[in-house]
Amino acid sequence: MSVRDVLRAKGNNEVFTISPTATIVDLLERLATRNVGAIVVLSDDESLLGIATERDLVRKLPAIPNPLHAHVEQIMSTELTVCSPDDS
């Protein structure tokens, strides 16, 4: 089974993105409105920088002073494993 097959079975292969300089409030709003648990973080030139997940929020946000004024880049995960739709 390929990654493409998994995405097709999922029914929605849309990938949501956010800027690393977006606020945590922006991130929370996007996670809620899109009903997803993670959003890909892209630079202005659309290079992959990381991913921001619900787990990142839970584990990292409490340690940040003024967390609602924090930025996505402060909590995102940057060590990623990536694949293409044809990988299995």
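Student: Where do Asp 56 and Lys 60 lie, and how many residues apart are they?

Tutor: Both Asp 56 and Lys 60 lie in helix H3, four residues apart, which is about one turn of the helix; helices here are DSSP runs (H or I, at least four residues), as strands are (E, at least two), numbered from the N terminus. This is a predicted model, in which local features need pLDDT of at least 70 and side-chain atom pairs count only at pLDDT 80 or more, while totals for chains, interfaces and linings use all residues. Residues are numbered from 1 along each chain as its sequence is written, and side-chain values use heavy atoms, with hydrogens and water left out.

Student: What makes Asp 56 and Lys 60 a salt bridge?

Tutor: The rule asks for a side-chain nitrogen of Lys or Arg within 4 Å of a carboxyl oxygen of Asp or Glu. The closest N and O atoms of Asp 56 and Lys 60 are 3.5 Å apart, and the pair forms a salt bridge.

Student: Why is Asp 56 called buried, and Lys 60 partly exposed?

Tutor: Buried means under 20% relative accessible area, exposed means over 50%, and partly exposed is in between (1.4 Å probe, protein chains only). Asp 56 has a relative accessible area of 6% and is therefore buried, whereas Lys 60, with 31%, is partly exposed.

Student: How many salt bridges does this rule give, and which one links distant parts of the chain?

Tutor: The count comes to three salt bridges. One of them joins Asp 86 to Arg 4, with the closest N and O atoms 2.6 Å apart. This pair links distant parts of the chain, since Asp 86 is in the segment after helix H3 (54-60) and Arg 4 is in helix H1 (residues 3-10), 82 residues apart. Asp 86 counts as exposed because its relative accessibility is 59%, while Arg 4, with a relative accessible area of 36%, is partly exposed. Another salt bridge is formed by Asp 5 and Arg 8, whose closest N and O atoms are 3.2 Å apart, and both of these residues lie in helix H1, three residues apart.

Student: How do you know that the buried residues of H2 are on the same side of the helix?

Tutor: In H2, Ile 24, Leu 27 and Leu 31 are buried. They cover an arc of only 55 degrees around the axis, which puts them on the same side of H2; the arc is that of the directions from the helix axis to the C-beta atoms. On the other side of H2, Ala 32 and Thr 33 are exposed.

Student: What covers the buried residues of H2, and which elements give two or more residues to the largest nonpolar core?

Tutor: The cover of these residues includes strand S1 (17-18), S2, strand S3 (48-53) and H3. A nonpolar core is a set of buried Ala, Val, Leu, Ile, Met, Phe, Trp, Tyr and Cys residues joined through side-chain atoms within 4.5 Å. The largest has 16 residues, and those with the most contacts inside it include Leu 27 and Ala 52. The elements giving two or more residues to this core are H2 and strand S2 (38-42), and H2 gives the most, with three residues.

Student: Why is Leu 28 called partly exposed?

Tutor: Leu 28 is in helix H2 (residues 24-34), and Leu 28 counts as partly exposed because its relative accessibility is 38%.

Notes
Contact means heavy atoms within 4.5 Å.
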